[in-house]
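Visitor: I would like to be walked through this model, with the reasoning behind each answer set out carefully.

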Amino acid sequence: MSVEVIAIGGYEEVGKNMSAVKIGEEVIIFDMGIHLDRLHIHEDTDIDKMHSLDLIERGVIPDDTLMKEVNGKVKAIIFTHGHLDHIGAVAKLAHRYEAPIIATPYTMALIERTIKSERKFKFNNTLQILNAGEKCQISPEITLEFVHTTHSIPQAVTPALHTKEGIVIYSNDFKFDNHQKLSPPPDYQRFRELGEKGVLALIVDATRAAEEDQAKTHSEKVARIVLQDIMEGPMKENQGIIITTFASHIERIQAICDIVSKSDRKMLLLGRSMERYCSIAEKIGILDLPKNTSIYGSPKAINKALSKADDKRSEYVLLTTGHQGEPDALLPRIANDKTSFIVQPGDNIIFSAPIIPNPLNKANRNLLEQRLKSKGARIYTNAHVSGHAGREDHRDFLRMLTPENIIPSHGNLDMLTAYAEIAEEEGYRMGKNIHILRNGQAQVFND
Ligand SMILES: [Zn+2]
């Protein structure tokens, strides 16, 4: 029986991830993401009314029309975690397949929210929860297992497909973080056991493989210490503090809330996506918001809260959306005096997020920082650690799994080839057992 890996999206870019694995006549799909850069869209933007073919043409969602040529029955659509570059196209694409959607509870809750706001397509797929550490039988030939891993959003998993031909592992996305507050370390022991059983193919997150400066991606514990260090002074000095980070980064948001809860200040979580990710996380018991914390998502409620905070800035810490400088997100709106909170000299603005490197973000972010500086604010950048594995993490992972074949994914050609170099150092060989695919290409094993 042959096993075929089909690269649909995310093999030429960081974004719109989607892969399919065909085992005999049965097909498993992994992820249906969007490419945020392509539409100048961000966490707060709606694509609810747009048609999928239009979005495919713009390069916003994966071009899954090639699945028509794949001679097999789709048995399941599996989501690894709740980032938009993995789940963002679910409402546009999943309805085309008569197959259940399988995800962990937090990922599924975010998927349900996306489906509910969809205006273009009707949705009939069944939703099936699978927790990390659990298995489910997809067909007599295929068993799915979710192995616990860590990333920059809770309940990320590494799915393993057990087949007669060997195990196929789809490892998008992950980092090896042993010191998160909300998540235990990755299940290294299980990865080693899978390696011993025999991994036929590893599809793996190469996003940070090309970065020379960080061999091992730092733990969230490092970000917690950096944030505490930055915040301590301004908190004691009764200065204004605004922090901005990814709305989906629940681990980071918990850390910030915990730091603030040890002071007399009130914490305000502000922004539409902040409200969406945090309220779902709180509802299912992942995020434990201290008593002094409030969340506001609607413009009216945000403005009311900001008005109070503007009067008594030493009594609040604000956590907002808008870290990329997106003009209609909250922090740029604050910087442009479009809310009732006016930035004053001595206010502290902390960016707990990197600039996602594309020319538009760089320009927007630069403009935002200049605006804030011109008002006399103090700017702190890079209070952040990455959510993706570094070079030495990858080496560790390869030694745990000892896969027969490797397919780097989730990156442009530079990133995929940088991963290939790491694999070659570990004894693999390009073209023999390292396979670099472009969107729309496939690799067959055991034919
Ligand atoms: Zn991710």
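Visitor: Which residues of helix α12 are buried?
Guide: The model is a predicted one, in which local features need pLDDT of at least 70, side-chain atom pairs count only at pLDDT 80 or more, and totals for chains, interfaces and linings use all residues. Residues are numbered from 1 along each chain as its sequence is written, and side-chain values use heavy atoms, with hydrogens and water left out. Helices (H or I, at least four residues) and strands (E, at least two) are DSSP runs numbered from the N terminus, while buried means under 20% relative accessible area, exposed over 50% and partly exposed in between, with a 1.4 Å probe and protein chains only. In α12, which spans residues 391-401, the buried residues are D393, H394, R395, F397, L398, M400 and L401.

Visitor: What covers the buried residues of α12?
Guide: Contact here means heavy atoms within 4.5 Å. The cover includes β10 (166-171), α5 (188-197), β11 (199-205), β18 (405-409) and α13 (413-425).

Visitor: Is H410, in the loop between β18 and α13, buried or exposed?
Guide: Phi of H410 is near 60 degrees, a positive value in a residue other than glycine, whereas most residues other than glycine have a negative phi. Because its relative accessibility is 0%, H410 counts as buried.

Visitor: And N238, is that residue buried or exposed?
Guide: N238 lies in the loop between α6 (220-236) and β12, and it too is a non-glycine residue with a positive phi, about 60 degrees. Since its relative accessible area is 52%, N238 is classed as exposed.

Visitor: What is the strand order in the open sheet of six strands?
Guide: Two strands pair if DSSP finds at least two bridges between them. The pairing in this sheet is parallel, and the order is β14-β13-β15-β12-β16-β17.

Visitor: Which are its edge strands?
Guide: An edge strand of this sheet pairs on one side only. That description applies to β14 (293-296) and β17 (378-380).

Visitor: What angle does helix α7 make with β13?
Guide: Axes are lines fitted to C-alpha atoms, for helices over the stretch in contact, and angles run from 0 to 180 degrees between N-to-C directions. Helix α7 (residues 250-261) packs on the sheet and touches β12 (241-244), β13 (266-270), β14 and β15 (316-320). Its direction relative to that of β13 is about 155 degrees.
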